[in-house]
Amino acid sequence: MIRSKKCEHPRNMIEHNHEAYLKQKKAVVEEFEEQFGLAPFWLVAAPSRVNLIGEHIDYCDGFVLPLAINRYIMIAAAPNGTSQANLISTLFPDEPAMVMLDENPEAGAPHWANYIRGVLDGFRKKGFWPLPGFDALIHSTIPLGAGLSSSAAIEVAAATMVEGLLGIDINPKNKALLCQRAEHKFAGVPCGIMDQFASVFGKKDHLILIDCRSEEAQAIPFADDSVEVIIADTKVQHELSDGSYSNRRKQTEIALSILGKKSWREVSMAELEAQQDHMSDVVYRRARHVVTEIDRTQKAAMALARGKTHEVGELMAASHKSLRDDFEVSCKELDIMVEAAWAIGQSGGVLGSRMTGGGFGGSTVTIALADQAEAVMDEMRRRYQEETGIEPYIFATRAVGGVRLEEL
Ligand code: ADP
Ligand code: MG
């Protein structure tokens, strides 16, 4: 078979945990060869993300400050000369999917392939249709159910794979928005823009400050070699029957209308306090979270941009308390994990810790001194396990680059 010359896109080099990256890449290529009987042409790696601060304010015109992390969805792919896409995921080995590329994609079984169908439909809407046929093998190292956004990573990986297939580069922002649309329309999840933006715009040694009002992303230097980001999956996800997420959204909308403002970005704490008597205690506390969290996220970005990593700890603690007490989206397990990190404290190498993601379970995010990170993880694991009886999944990362495409 004729193979194209090796040509690595220089977009982002991933150094942290590079061995694991190379191991995953090798496994994906081998599995592709095993499944499809030929070598892949392209290898795409799309990272997942964790949000450092700025929680539950993406739908309030706020700011979020995620980083892309060293866990990836990888896709190995090659053209197959037909008019169909053959998709295999190592996560669902018994559920291969086939998509006809000369018909309008529709959601269907298997469910996991809907994220990719949605992405293909996005290209159709942009006029790239029918697409040439291809085979694709999907593999992930993103922990399941940890709230680290594997769905966005699979969308961004698929969209980047299609760019390779077509030999085009679409505008990165439009690519992220195409992926968000796939999640809305084909998975039925009305997500914000953070996850897809983080996977696309992730930059080695940088955080991504996303302005959810203007939908603009800005890279904030986070290159301090002396710190690591620790992600601790509590391994619990409480199913709440009261539609908590839509409740919270509704309460913030009520508050904004009482305040008579069009956007939360126009609301100061003084203005909120002046209206306190006109809203219920619950609505007031929800609003207080939004106003203070928007402020904290901007302050955290500014502190980090100046290399003042130590100043972020207090902001992270205040964020957690606000989510726990005012927004009421934490849970016992998240509190235990965060308190375990707080108890270790600065002397033990912890600079800051908070819950991350939607809440009611999932993960916490902690900034720790690199030379003490192993000990911090051990101690967090020990304390959490002692108090809950649950073995958590804890790992460390640095900020890695966004999605990359390699021609093999
Ligand atoms: P997350 O917080 O990880 O994004 P979601 O429920 O939004 O959680 O998305 C998880 C879904 O994404 C899975 O149920 C599956 O449908 C899809 N998915 C994630 N990883 C893979 C994978 N490796 N292969 C196929 N589908 C995947
Ligand atoms: Mg998701």
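**Exercise 1. In which loop is aspartate 205 found?** Locate this residue in the predicted model, and then examine its backbone.

*Solution.* Begin with the neighbouring elements: aspartate 205 is found in the loop between helix 5 and strand 8, the latter covering 206-211. Next, look at the backbone angle, where phi of aspartate 205 is near 60°, a positive value in a residue other than glycine. As background for this step, most residues other than glycine have a negative phi.

**Exercise 2. Find the two cis peptide bonds described below and place each proline in its loop.**

*Solution.* Take the bond from alanine 109 to proline 110, which is cis and has omega near -10°. Proline 110 lies in the loop that runs between strand 6 (97-100) and helix 2 (114-125). Then turn to the bond from tryptophan 129 to proline 130, which is also cis, with omega near -5°. Proline 130, for its part, is in the loop between helix 2 and strand 7 (134-140). For context, most peptide bonds are trans.

**Exercise 3. Describe how helix 3 and helix 5 pack against each other.**

*Solution.* The first step is the geometry: the axes of helix 3 (residues 150-166) and helix 5 (residues 194-201) come within 9 Å and cross at roughly 50°. Because an angle from 35 to 65 degrees falls outside the parallel and perpendicular ranges, helix 3 and helix 5 are oblique to each other. The second step is the handedness, and here helix 3 passes helix 5 in a right-handed crossing. The third step is to list the residues that meet, which are Ala152, Ala153, Glu155 and Val156 in helix 3 and Asp195, Gln196, Ser199 and Val200 in helix 5. Sorted by class, this contact has 4 nonpolar, 2 polar and 2 charged residues.

**Exercise 4. Follow helix 10 through its contacts with helix 9 and helix 11, giving an orientation for each pair.**

*Solution.* Start with helix 9 (residues 312-326) and helix 10 (residues 332-344), which pack at an angle of about 160° with their axes 12 Å apart. Since angles over 145 degrees count as roughly antiparallel, helix 9 and helix 10 are roughly antiparallel to each other. Helix 9 passes helix 10 in a left-handed crossing. In this contact, Ala317, His320, Lys321 and Arg324 of helix 9 meet Leu334, Asp335, Val338, Glu339 and Trp342 of helix 10, and these residues divide into 4 nonpolar, 1 polar and 4 charged.

Now consider helix 10 with helix 11 (residues 373-388), where the packing angle is about 140° and the axes are 9 Å apart. That makes helix 10 oblique to helix 11, and helix 10 passes helix 11 in a right-handed crossing. Helix 10 contributes Glu333, Ile336, Met337, Ala340, Ala341, Ala343 and Ile344, while helix 11 contributes Val376, Glu379, Met380, Arg383, Tyr384, Glu387 and Thr388. By class, the contact of helix 10 with helix 11 has 9 nonpolar, 1 polar and 4 charged residues.

**Exercise 5. Which residues come nearest to ligand 1, and which atoms of serine 149, serine 150 and serine 151 lie by its oxygen atoms?**

*Solution.* First, survey the surroundings: of the 14 residues around ligand 1, Ser89, Ser140, Ser149, Ser150 and Ser151 come nearest. Then separate backbone from side chain. For serine 149, a backbone N or O atom lies 3.4 Å from an oxygen atom of ligand 1. For serine 150, a polar side-chain atom lies 2.6 Å from an oxygen atom of the ligand, and for serine 151 a polar side-chain atom lies 2.9 Å from an oxygen atom of ligand 1.

Key
Residues are numbered from 1 along each chain as its sequence is written. Chains are lettered from A and ligands numbered from 1 in the order in which they are written. This is a predicted model: local features need pLDDT of at least 70, side-chain atom pairs count only at pLDDT 80 or more; totals for chains, interfaces and linings use all residues. Side-chain values use heavy atoms; hydrogens and water are left out. Axes are lines fitted to C-alpha atoms, for helices over the stretch in contact, and angles run from 0 to 180 degrees between N-to-C directions. Helices (H or I, at least four residues) and strands (E, at least two) are DSSP runs, numbered from the N terminus. Angles under 35 degrees count as roughly parallel, over 145 as roughly antiparallel, 65 to 115 as roughly perpendicular and the rest as oblique. A crossing is left-handed if the near helix is turned anticlockwise from the far one by less than a right angle, and right-handed if clockwise. Contact means heavy atoms within 4.5 Å. Ala, Val, Leu, Ile, Met, Phe, Trp, Tyr, Cys and Pro count as nonpolar, Asp, Glu, Lys and Arg as charged, and the others, Gly among them, as polar. A residue is near a molecule or strand if one of its heavy atoms lies within 4 Å of it. A polar contact is a pair of N or O atoms within 3.5 Å; within protein, one must be able to donate a hydrogen and the other to accept it, and residues adjacent in sequence count only if both atoms are side-chain atoms.
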